[in-house]
Amino acid sequence: MTAVIRASGLAKRFGSTHALKGLDFTIERGCITGLIGPNGAGKTTALKAILGLTAYDGELEVLGLDPYRQRTELMKRVCFIADVAVLPRWLQVEQALDFIAATHPRFRRERAVELLDKTDVTLRHKVKQLSKGMVTQLHLALVMAIDAELLVLDEPTLGLDILFRKNFYEALLGDYFDEGKSILVTTHQVEEIERILTHVLFIDDGRLVLDESMDTVAEKYVEVLVNADQSDAARAMGALHEREVFGKHLFLFEGANRAELQSLGETHTPGIADLFVAKMGKAA
């Protein structure tokens with residue numbers, strides 16, 4: 001596979017604050033990667049570096065380009081949806097389509113119209129007349145009509161109700177994603193993107209805590225729900241994390257022998273949210 005993003009020793013300082021502390025990671029073409037971390041972990045700074053919006057130390061390549069020095073060329077091949085609406089409120093939807101058609105060589109106007117026809121957004125609407133969910137639908141239609149190689153999503157469904165969030169990701173997978181494209185997404189609603197991810201990166205305090213494919217996560221990590229009388233035996237096996245659930249104890253293990261764990265209780269693959277909590281606790 002071809003690397004879409006390759007970082008080596010990626011670092012960023014703001015005065016005495018180290019926002020990124022030497023990140024090393026590679027994102028391959030055709031992957032949907034989740035960049036997950038608590039507030040202040042460095043996610044936004046990493047995205048800004050990837051999009052060429054800030055200078056950085058270390059090495060970083062995005063689609064084979066230096067994002068900071070070659071940003072103009074990079075933006076012809078990358079799309080970005082932020083967590084806040086950036087369209088002028090006075091702008092009419094049809095004017096937005098006309099503007100992008102005149103400025104972006106890879107924009108297909110007829111495709112954007114086709115996507116908007118599936119929503120309640122019309123070409124006559126002005127942005128100020130749209131709900132937050134409808135603005136997000138407009139953003140998505142504009143972006144999906146651009147033949148970009150990399151789509152970067154920063155909390156794209158923030159503030160939307162559960163139906164809009166579900167429809168957003170269904171549209172993303174059904175109408176946009178294919179093996180020639182790659183998606184990098186950050187979100188606090190981890191459970192909602194778990195089923196679409198192929199790769200996950202955990203970041204905390206400017207450092208990578210986890211860098212795994214979802215297939216590896218399923219192989220490497222296991223949760224075991226045990227009765228209280230088996231808790232000491234589970235602890236003796238070196239659990240990564242432990243919590244109590246309805247009077248039983250749920251242990252999360254990394255790289256443990258599954259056959260041995262099955263003798264303790266019911267086993268299953270942990271969700272990304274549970275793995276995140278366990279890894280953050282270990283990092284702390």
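Which element gives the largest share of the lining of the largest cavity? Strand E2 does, with three residues. The points below set that in context.

1. **Status and fold content.** The model is predicted. The chain holds 11 helices and 13 strands. Its C-alpha trace spans about 65 × 40 × 35 Å along the principal axes.

2. **Burial and surface.** The chain has 284 residues, and 47% of them are buried. About 13800 Å² is exposed by the chain. Carbon and sulfur atoms supply 49% of that area.

3. **Contact order.** Take contacts between residues at least 6 apart in sequence. Of these, 68% join residues at least 24 apart.

4. **Cavity count and volume.** With a threshold of 30 Å³ or more, the count is one cavity. The space in the largest cavity is about 40 Å³.

5. **Lining residues.** Leu 23, Phe 25 and Ile 27 line the largest cavity, along with Leu 35, Ala 46, Ile 50, Leu 184 and Leu 201. Two elements give two or more residues each to this lining: strand E2 (17-28) and helix H1 (43-50). The largest share is that of E2, at three residues.

6. **Lining chemistry.** How many nonpolar, polar and charged residues does the lining of the largest cavity have? By class, there are eight nonpolar residues. Polar residues number none, and there are no charged ones. Anyone inspecting the site can start from Phe 25 and Ala 46, which are among the lining residues.

Methods: Residues numbered from 1 in each chain as written. Predicted model: local features only at pLDDT ≥ 70, side-chain atom pairs only at ≥ 80, totals over all residues. Heavy atoms only, no water. 1 Å grid on protein atoms, 1.4 Å probe; cavity = no way out; pocket = protein on both sides within 12 Å on 5 of 7 lines; lining within 4 Å. Points joined across faces, edges and corners; volume = space filled by probe spheres on them. Helix = DSSP H or I, 4+ residues; strand = E, 2+ residues; numbered from the N terminus. Nonpolar A, V, L, I, M, F, W, Y, C, P; charged D, E, K, R; others polar. Buried < 20%, exposed > 50% of the residue type's maximum accessible area, 1.4 Å probe, protein only. Contact = heavy atoms within 4.5 Å. Areas by Shrake-Rupley, 256 points an atom, 1.4 Å probe, with all protein chains shown as cover.
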